[in-house]
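This report describes selected local features of a protein model in formal terms. The sequence and structure are shown first.

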Amino acid sequence: MENMQAVNNFVAAYLKKKGFKEAEQLLEDLQNKESAPIDFHNDPELAKFIHRFSQSEDDVARYQDGYSKLRSWTYSSLDLYKHELLRVLYPVFIHSFMDMVAKGHLQEARTFFNNFREDHELMHSRDLQKLEGVLSQSHLEEMEFARSLRQSKVNIKICQYSYDLLLQYLHKTQSTAMLGVINEHINFQVSSGQPSSISDDAEVVTLIGSCQDTANQINQKEIHWGLLEDSLEERLEKAGGLLSDSEKTEEENKEGDVDETKKRSVESGKQGASTKKLKKEKALNATAKSARPEASTTPAAPRVKAKLPLPLMSTEVEQSILEDLRNRVQLSSVLLPSVSFYTFLNTHNGLNCSSISHDGSLVAGGFSDSSLKVWDMAKLGQQGGSSILQAENDSTSSEHVVGPNGGKRSYTLFQGHSGPVHSATFSPLGDFILSSSADTTIRLWSTKLNANLVCYKGHNYPVWDVQFSPVGHYFASASHDRTARIWSMDRIQPLRIMAGHLSDVDCVQWHANCNYIATGSSDKTVRLWDVQNGECVRIFIGHRSMILSLAMSPDGRYMASGDEDGMIMMWDISSGRCITPLMGHTSCVWTVAFSCEGSLLASGSADCTVKLWDVTTSAKVPRNEEKSGNPNRLRLLKTLATKSTPVYSLQFSRRNLLFAAGALSKNL
């Protein structure tokens, strides 16, 4: 009460000193009308007035002095509250710097930036590198990152006592410059009780264009995350055809028993061998049973209707897919996938992207010289005596090396783009391939005709990513123009345009039921969009750098996203909350992929490794771990390191074989 009165008296004294009689009278009337003191933090008009007042005096030293004292006070606070109070320093630091630049004190701003940037290098190094380029007032308007910072508020979670301590300090020291910055650019989310855990919660400090209430409101929208009705998997399950490895072995054993009974009288001499083989299979079956984890108690995914007209599937293709599903290997934390790694040689840093067909028979590469090249693995294997296909086999992975063939072209060259190719994706059946380019277009190619079929134009800037839907025919694109678009193969104009991101849309991914798409952006958020009406139905906030890769779990319940700093986050789509962050990579995570039954997550990074994570442990977080705030609850099962090859793409086949691709880098 006394603190609020002190602020009111301070403002009244300033108004009287400057001769603002009308403003002084309004303030006095407001004080007399309301018995409660003015909450300067929650009153936006008064907050703006205080900020203008803090800017009115052209004494730039107040920023340097005010921030230095606030920093010293924060570091000398009690350990119980220090980690919460430290969250305030970074937004105050960057906005103080930008305010000084806006006032034209460029040299003082540069000195201030260099003096205190070391405090924030660990958590915000990439942001500081961008702000380092702000050298004039015009840069604040021209630089997209600086402009978004000045137009947005930072949401900070803090307990009530830490909040009271901060207000008490600001009132006591009368730090008007710091008070103005905090009121203008920070939105405190005050919670009752004890301070949050010292472990760095991904959501304690977030930056979004709209207020947090708007994001929460969007995340309350109803979504139907289940699988499509009458899918092939569902039909196979109902028919009893989708069996586990142990069940397959049991059936084979039963068939073996019947055959053995029939042939016992005729082939009595071979009975001993058959019995030995049967015993061996039963022993293997028992081992598999003991190795398999207990059945998950997670309820089955609900069934939903498709919002888009789905393409018809030929009987031949349907039978082929069903055959793959019947022979699928059921993976788990003790049964890891086999990995086939394709390495591009002699790319001279020209490879921008790679893609692998679902059966691994075709590998595509998009290059900076605007070309798209596709290798057929079957043809490479038939070329004897060449050095194209080399293999390094061990128990877990094999590496196929794709390179030149003595001057003879070993690939199919697709030319048509007029700029670097940034993304390529095969259709589910492998008969088409899409490519997106810096020339703002998307091209559809036929792998059977080896020709360009369609050029899709609609984006205004480079197209960073393009992805076929799980059923084919439809595809989604992501661009520098901050939009994502949904297309169909038979129309040259987009069907839907998704707009809402504050910066580039860097990656896009379809939901398993084709009713939603997810987009990852340089604004550090992931959004989920309804394909029918183009509305944003979820905003996922927590990453600290641009999102580079996305993957949806096969049941549509979870989503994984990888960012520029090497962090992977597992999200619950229905609630919009992060289940767990996955820390292990030391560089950009360029690709993530779920296994076909959803029990494993594979991630590929610029740190030249493929990592396998146990997804089942992330879905069930023990209560004791939840209270302790363990930042890495998902178990890392295995790390597969390449010699010197950053991992560009990962793809699980329908039978759960993991394919990976990358370009050998001699600079590492």
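Is T74 buried or exposed? T74 counts as buried, because its relative accessibility is 1%, where buried means under 20% relative accessible area, exposed over 50% and partly exposed in between (1.4 Å probe, protein chains only). The model is a predicted one, in which local features need pLDDT of at least 70, side-chain atom pairs count only at pLDDT 80 or more, and totals for chains, interfaces and linings use all residues. Residues are numbered from 1 along each chain as its sequence is written, and side-chain values use heavy atoms, with hydrogens and water left out.

**Surroundings of T74.** Helix α4, residues 61–75, contains T74; helices (H or I, at least four residues) and strands (E, at least two) are DSSP runs numbered from the N terminus. When neighbours within four places in sequence are set aside, T74 is in contact with K82, L85, L86 and L89, contact being heavy atoms within 4.5 Å.

**The sheet β24 to β27.** An open sheet is formed by 4 strands in the order β24-β25-β26-β27, with antiparallel pairing; two strands pair if DSSP finds at least two bridges between them. Strands β24 (547–552) and β27 (577–583) stand at the edges with a single partner strand each, so one side of each has no neighbour in the sheet. From one strand to the next, the twist averages 20 degrees, with axes taken as lines fitted to C-alpha atoms and angles running from 0 to 180 degrees between N-to-C directions. Strand β26 (residues 567–572) is joined to β27 by 6 bridges, and the two run antiparallel. Within this pairing, C578 in β27 is the bridge partner of W571.

**The hairpin of β28 and β29.** Strand β28 (residues 589–594) is mostly covered, with 5 of its 6 residues buried. The connection from β28 to β29 (residues 600–605) consists of 5 bridges between antiparallel strands, and V589 stands opposite S605 in β29. The hairpin has 5 residues between its strands, and G598 takes a positive phi near 85 degrees there.

**Asparagines with positive phi.** N349 has a positive phi although it is not a glycine, and this is also stated for N656.

| Residue | Phi | Loop | Relative accessible area |
|---|---|---|---|
| N349 | about 60 degrees | between β6 (339–344) and β7 (351–356) | 61%, exposed |
| N656 | about 75 degrees | between β32 (647–652) and β33 (658–663) | 2%, buried |
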